[in-house]
Amino acid sequence: MVKRTRFNDSDCPVARSVDAIGDWWSLLIVRDAFDGSRRFGEFQRSLGVAKNILAARLRDLVAGGILDMVPAADGGAYHEYMLTAKGRDLFPVIVALRQWGEGHFFEPGERHSEMVDLRHGRPPRALEIHSADGRRLGPDDVTVQKVQRPAVPAVASE
């Protein structure tokens, strides 16, 4: 079996993010969690993924702090998976993938799922990247630079 390449110590945030998510099953699990899936069986029915693969991905998402395993809301013997704050922060990523997919992989008039704003009943505007002064930015308007994050000072023990 080929060992998976790890990027958890890369200096690239995209590489570290991909390392945390793992693969397409993990992103689809996160998508389903945003859509209300909570239990193993719900994820399995929605995705049609083998149970051993689903169990491994859920375990990795819990270990990575993206999902929490919590007691079932109905007090049953089972547990449920809930998005953590870190997991909920993936919302713009899921929306961006959804909007990109709608724009590039469906023919006009072809049936597909659609995200709808609950208040207005319409799809949200397309995501855009803006500068600090409000200008819309595209790939030609940005560059990537290496930066050093400030160290967190150690707390002195008494």
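This is a short talk on helix packing, the nonpolar core and the salt bridges of one structure.

Okay, quick start. What you see is a predicted model. Please keep that in mind throughout.

Let me begin with helix α2, residues 24-34. Two helix contacts to look at here.

Take α4 first. That helix covers residues 51-63. How do α2 and α4 pack? The angle is about 75°, and the axes are 10 Å apart. An angle from 65 to 115 degrees counts as roughly perpendicular, so α2 and α4 fall in that class. On the α2 side, the contact uses Trp25, Ser26, Ile29 and Val30. On the α4 side, the residues are Ile53, Leu54, Arg57, Leu58 and Leu61. By type, that contact has 7 nonpolar residues, 1 polar and 1 charged.

Now α6, residues 91-104. Here α2 and α6 pack at about 105°, again with a stated axis distance of 10 Å. This pair is also roughly perpendicular. From α2 come Leu27, Val30, Arg31 and Phe34. From α6 come Phe91, Ile94 and Leu97. The make-up is 6 nonpolar, no polar and 1 charged.

Note Val30. Val30 is listed in the contact with α4, and Val30 is listed in the contact with α6. What does valine 30 touch, beyond residues up to four places away in sequence? The list is Leu61, Ile66, Leu83, Leu90 and Ile94. Leu61 belongs to the α4 side of its contact with α2. Ile94 belongs to the α6 side.

Next, serine 26. This residue sits in helix α2. Buried or exposed? Serine 26 is buried, at 2% relative accessible area. Setting aside neighbours within four places in sequence, serine 26 contacts Ile21, Arg57 and Leu61. Arg57 and Leu61 are among the α4 residues in the packing contact.

Ile21 takes us to α1, residues 13-21. Which residues of α1 are buried? They are Ala15, Asp19 and Ile21. These buried residues pack against α2. Just past the end of α1 comes glycine 22, with a positive phi of about 95°.

On to the core. In soluble globular proteins, nonpolar side chains tend to be buried together. In this model, the largest nonpolar core has 16 residues. Which members touch the most others? Ile29, Val30, Phe43, Leu58 and Leu67 do. Four elements each supply at least two residues of this core: α2, α3, α4 and β2.

A word on α3, residues 40-47. Glycine 41 lies in this helix. Its relative accessibility is 25%, and glycine 41 counts as partly exposed. From glycine 41 to leucine 54 is 13 residues along the chain, and their C-alpha atoms are separated by 9.8 Å.

Now the charges. Side chains of opposite charge can pair when their charged atoms come close. The model holds 7 salt bridges. I'll take three.

One is aspartate 11 with lysine 146, at 3.2 Å between the closest N and O atoms. Aspartate 11 is in the segment before α1, and lysine 146 is in the segment after β4, so the bridge ties together parts 135 residues apart in sequence. Both partners are exposed.

Another is arginine 39 with glutamate 80, at 3.4 Å, N to O. Arginine 39 is in the loop between α2 and α3, while glutamate 80 is in strand β2, so this pair links parts 41 residues apart in sequence. How accessible are the two partners? Arginine 39 is partly exposed at 23%. Glutamate 80 is buried at 11%. There is a network here too: Arg39, Asp74 and Glu80 are joined by salt bridges that share partners.

The last of my three is aspartate 133 with arginine 135, at 3.1 Å, N to O. Aspartate 133 is exposed, at 57% relative accessibility.

One final residue: threonine 5. Threonine 5 lies in the segment before α1. Its relative accessible area is 53%, so threonine 5 is exposed. How far from threonine 5 is glycine 87? In sequence, 82 residues; in space, 23 Å between C-alpha atoms.

To recap, α2 packs roughly perpendicular to α4 and roughly perpendicular to α6. Its Ile29 and Val30 are among the core residues that touch the most other members. Thanks, that's my slot.

Definitions and conventions
Residues are numbered from 1 along each chain as its sequence is written. This is a predicted model: local features need pLDDT of at least 70, side-chain atom pairs count only at pLDDT 80 or more; totals for chains, interfaces and linings use all residues. Side-chain values use heavy atoms; hydrogens and water are left out. A salt bridge is a side-chain nitrogen of Lys or Arg within 4 Å of a carboxyl oxygen of Asp or Glu. Buried means under 20% relative accessible area, exposed over 50%, partly exposed in between (1.4 Å probe, protein chains only). Axes are lines fitted to C-alpha atoms, for helices over the stretch in contact, and angles run from 0 to 180 degrees between N-to-C directions. Angles under 35 degrees count as roughly parallel, over 145 as roughly antiparallel, 65 to 115 as roughly perpendicular and the rest as oblique. Contact means heavy atoms within 4.5 Å. Ala, Val, Leu, Ile, Met, Phe, Trp, Tyr, Cys and Pro count as nonpolar, Asp, Glu, Lys and Arg as charged, and the others, Gly among them, as polar. A nonpolar core is a set of buried Ala, Val, Leu, Ile, Met, Phe, Trp, Tyr and Cys residues joined through side-chain atoms within 4.5 Å.
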